[in-house]
Amino acid sequence: MRPVLTLGLLGTGVIGGGWAARALHCGVDVIAADIKPEMEHWIHEAVARAIPSLEALTAGIPMPPRGKLTFTTEPEVMAAAADFIQENVPENIETKRKALGAIARATGPDVIISSSTSGFMPSEIQEGLWHPERFVVGHPFNPVYLCPLVEVVGGERTSQAAKDSAAEFYRSIGMHALLVRREVPGHIADRLQEAMWREILHALNDDIATTSELDESIVYGFGLRLPIMGMNQICMMAGGEGGARHYLKQFAPSLDWPWSHLKAPALTDEIIDRFVQGTADQAAGRSIRELENIRDECLVAIQRVLAKHDVGAGRTLNAFEKRAKKRVERA
């Protein structure tokens with residue numbers, strides 16, 4: 001696969017803007033394609049908002065000159081200029097197939113095409129694609145410019161070389177590439193995330209707690225531990241000297257207790273109203289932009305602290321710094 005000097009974005013929006021900011025900050029040119037002309041102004045604004053947080057996150061890391069951002073309303077023009085394409089169109093399988101089919105024919109077979117899809121399996125999307133062996137899923141998390149995880153998933157016809165090359169590109173822009181062993185709907189992280197989301201909806205439906213109380217249970221409790229080591233290692237530690245085996249022996253019986261639901265409740269107007277009103281109350285009059293600024297500052301601070309101990313997302317930041325320093329030494 002060819003070196004990635006220019007990243008092509010098919011579709012902009014929140015995810016596309018996040019990809020653009022991260023790539024540009026790491027010295028990669030970006031050509032963004034969207035059928036809506038007004039998205040040109042939007043993506044430039046999105047990048048401008050993200051850059052200060054990226055600069056704070058990578059303070060002390062030798063960064064290359066910022067890449068150049070261009071925009072087009074013609075996807076084929078983008079495809080012809082890109083060395084790697086990241087698709088970010090709406091989550092509709094036919095929409096994705098149609099959009100990707102058109103750009104695939106406008107690229108060489110050595111250009112990897114990656115989808116940001118949060119749930120579709122790559123084999124579903126690559127059906128009928130010209131040179132499907134270079135197609136992968138590269139599923140990020142919002143905000144893409146600060147959250148380092150990207151799940152790399154191959155389909156039935158995806159080559160190992162394409163998966164490896166995609167992972168290497170993502171690492172070059174400071175991400176943690178998680179190579180998913182096999183394709184499943186929702187990949188890995190969204191399946192875990194949705195399990196919690198379903199329980200939240202049940203709690204609202206059963207009037208157990210408000211959205212604020214549910215978030216408090218996460219923010220002040222188990223969620224505070226997750227950025228450090230994740231769930232499994234934390235559980236192992238809870239077993240004390242007996243470790244994971246003792247933890248399972250002690251807590252496994254609760255798995256048979258009726259603590260949680262497996263199936264989501266029907267999304268009634270009442271649940272929707274509770275969610276909408278609850279989250280509005282939590283925002284306390286702050287705009288989405290104000291909340292994003294708070295989120296981004298906290299994400300930078302957390303990752304900088306984690307980097308001191310070389311754990312969690314801090315390890316990814318440290319690996320990116322080592323890569324950046326080697327790049328400078330080679331130059």
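This is a short talk on the fold of one protein chain and a handful of its residues.

Hi everyone, and thanks for coming. One thing to keep in mind throughout: what you see is a predicted model.

Let me start with the whole chain. How many helices and strands does the secondary structure come to? The protein chain has 13 helices and eight strands. For 331 residues, a compact globule would have a radius of gyration near 20 Å, and the chain has 21 Å, so the two agree. If you draw a box along the principal axes, the C-alpha atoms fill roughly 55 × 50 × 45 Å.

Now, the inside and the outside. Of the 331 residues, 42% are buried. The accessible surface comes to about 18,100 Å², and carbon and sulfur atoms hold 57% of that. On the charge side, there are 35 positive and 42 negative side chains, with the centres of the two sets 8 Å apart. And if you take contacts with a separation of 6 or more, 73% of them are between residues 24 or more positions apart.

With that picture in place, let's walk through some residues, beginning with Asp-83. You'll find Asp-83 in the loop between helix 3, residues 75-81, and strand 4, residues 84-87. Is Asp-83 buried or exposed? Its relative accessibility is 12%, and because the cut-off for buried is under 20%, Asp-83 counts as buried. Which side chain does Asp-83 join in a polar contact? That would be Arg-2, at 3.2 Å. Setting aside neighbours within four places in sequence, Asp-83 also touches a run near the start of the numbering, including Pro-3, Val-4, Leu-5 and Thr-6. Val-111 and Ile-112 are among the contacts of Asp-83 as well.

Next, please find Gly-101, which sits in helix 4, residues 93-104. Gly-101 is buried too, with a relative accessible area of 11%. From Gly-101 to Ile-125 you count 24 residues in sequence and 9.5 Å in space, C-alpha to C-alpha.

Now over to Asp-296, in helix 12, residues 288-309. This aspartate is buried, with a relative accessible area of 3%. What does Asp-296 contact, beyond its neighbours within four places in sequence? The answer is Ser-53, Pro-143, Tyr-145 and Leu-146. For a separation in the other sense, take Ser-114: Asp-296 is 182 residues from it in sequence and 26 Å from it in space, C-alpha to C-alpha.

Pro-143, one of those contacts of Asp-296, deserves a stop of its own. The peptide bond leading into it from Asn-142 is cis, with omega near 0°. Pro-143 belongs to the loop between strand 6, residues 135-140, and strand 7, residues 149-154. So that you can place this on screen: the cis bond from Asn-142 leads into a proline that touches the buried Asp-296.

While we are on backbone geometry, here are two residues with positive phi. His-131 has phi near 55°, and it is not a glycine. His-131 lies in the loop between helix 5, residues 122-125, and strand 6. At 26% relative accessibility, His-131 counts as partly exposed. Asp-310 also has phi near 55°, again in a residue other than glycine. Look for Asp-310 in the loop between helix 12 and helix 13, residues 313-330. Asp-310 is partly exposed as well, at 34% relative accessibility.

Another histidine to look at is His-202, in helix 7, residues 189-205. His-202 is buried, with a relative accessible area of 8%. Not counting residues up to four places away in sequence, His-202 touches His-261, Lys-263, Ala-264 and Pro-265.

My last stop is Gln-282, in helix 11, residues 269-283. At 26% relative accessibility, Gln-282 is partly exposed. Which residues does Gln-282 touch, not counting those up to four places away in sequence? They are Thr-211, Ser-212 and Asp-215. With Asp-215 there is a polar contact between the two side chains, at 3.0 Å. Thr-211 is 71 residues from Gln-282 in sequence, yet their C-alpha atoms are 8.0 Å apart.

That's my tour; I'm happy to go back to any of these residues on screen.

Notes:
Residues numbered from 1 in each chain as written. Predicted model: local features only at pLDDT ≥ 70, side-chain atom pairs only at ≥ 80, totals over all residues. Heavy atoms only, no water. Helix = DSSP H or I, 4+ residues; strand = E, 2+ residues; numbered from the N terminus. Rg over C-alpha atoms; globule rule 2.2 N^0.38 Å. Buried < 20%, exposed > 50% of the residue type's maximum accessible area, 1.4 Å probe, protein only. Contact = heavy atoms within 4.5 Å. Areas by Shrake-Rupley, 256 points an atom, 1.4 Å probe, with all protein chains shown as cover. Lys, Arg positive; Asp, Glu negative; His and termini not counted. Charge placed at Lys NZ, Arg CZ, Asp CG, Glu CD. Polar contact = N/O pair within 3.5 Å; in protein donor to acceptor, adjacent residues only side chain to side chain.
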